[in-house]
Amino acid sequence: MEGAVLAGKLAAEVVSDRASGNPTKGLKEVQPDVVAAAETFVPKEPPGVKGQGAIAFGGGAVLSKAGMDYLREVDAVQFEEPNEPEDTTSVSREMAGSIA
């Protein structure tokens with residue numbers, strides 16, 4: 001995100017310089033140590049995706065039958081019926097769609 005913020009600031013600087021008729025700063029020269037490091041760089045094979053979950057594959061998971069069974073096993077509280085508070089009136093039950 002920091003790169004996006006910096007790019008926006010640099011673009012705004014160029015736009016404001018051009019709008020006011022001032023010369024822009026132009027392109028910077030690439031530093032020699034950066035060029036030397038790029039010449040000696042040897043790319044590595046990517047390690048691949050670790051895991052089978054939605055996080056490993058960037059989200060978009062669909063809860064399958066196996067996933068639902070696993071969720072019931074590890075967090076059964078989510079599947080319990082919610083208890084209605086004792087002080088609930090018949091009017092609030094009717095508004096909620098319950099039959100009194």
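Two salt bridges are counted in this structure, which is a predicted model rather than an experimental one. In one of them, Lys25 is paired with Glu13, and the closest nitrogen and oxygen atoms of the two side chains lie 3.0 Å apart. This pair links distant parts of the chain, since Glu13 belongs to helix H1 (2-19) whereas Lys25 lies in the loop between H1 and H2, with their positions 12 residues apart in numbering. The two partners fall into separate accessibility classes: Lys25 is exposed, because its relative accessible area of 69% lies over the 50% cut-off, while Glu13, with a relative accessible area of 30%, is partly exposed.

The other salt bridge joins the side chains of Asp69 and Lys65, with a nitrogen-to-oxygen distance of 3.1 Å. Both residues are part of helix H3 (residues 65-74), and because they are four residues apart there, about one helical turn separates Asp69 from Lys65. Lys65 is exposed, with a relative accessible area of 62%, whereas Asp69 counts as partly exposed at 35% relative accessibility.

A contact of another kind involves Arg72 and Phe79, in which the charged end of Arg72 sits over the ring of Phe79, at 4.3 Å from the centre of that ring. Pairs between aromatic rings, by contrast, are absent, as a search of the whole structure finds zero of them.

With regard to secondary structure, the protein comprises four helices and zero strands, so that, with helices and strands taken as DSSP runs numbered from the N terminus, the order of elements reads α-α-α-α. Helix H1 contains 18 residues and reaches 26 Å from its first C-alpha to its last, a span close to the 26 Å expected at 1.5 Å a residue. After H1 comes Gly21, a residue whose phi is positive, near 85 degrees.

The surface of the protein was also examined. Of the 100 residues in the protein, 2% are buried, and the protein exposes about 9500 Å², of which carbon and sulfur atoms supply 60%. On this surface, Val30, Val34 and Val35 form a nonpolar patch, and together these three residues have about 240 Å² of accessible area. Val34, one of the members of the patch, is found in helix H2, which covers residues 32-39. With a relative accessibility of 45%, Val34 counts as partly exposed, because this value lies between the 20% under which a residue is buried and the 50% over which a residue is exposed.

Notes: Residues are numbered from 1 along each chain as its sequence is written. This is a predicted model: local features need pLDDT of at least 70, side-chain atom pairs count only at pLDDT 80 or more; totals for chains, interfaces and linings use all residues. Side-chain values use heavy atoms; hydrogens and water are left out. Patches are made of residues with over 30% relative accessible area and no salt bridge: like charges are joined within 9 Å, nonpolar side chains (Val, Leu, Ile, Met, Phe, Trp, Tyr) within 5 Å. Accessible areas come from the Shrake-Rupley method with a 1.4 Å probe; for residues, only the protein chains shown count as cover. A salt bridge is a side-chain nitrogen of Lys or Arg within 4 Å of a carboxyl oxygen of Asp or Glu. Helices (H or I, at least four residues) and strands (E, at least two) are DSSP runs, numbered from the N terminus. Buried means under 20% relative accessible area, exposed over 50%, partly exposed in between (1.4 Å probe, protein chains only). Rings of Phe, Tyr and Trp (its six-membered ring) pair if their centres lie within 6.5 Å; planes under 30 degrees apart count as stacked, over 60 as edge-to-face and the rest as tilted. A charge sits over a ring if NZ of Lys or CZ of Arg is within 6 Å of the ring centre and within 35 degrees of the ring normal. The expected span of a helix is 1.5 Å times one less than its number of residues.
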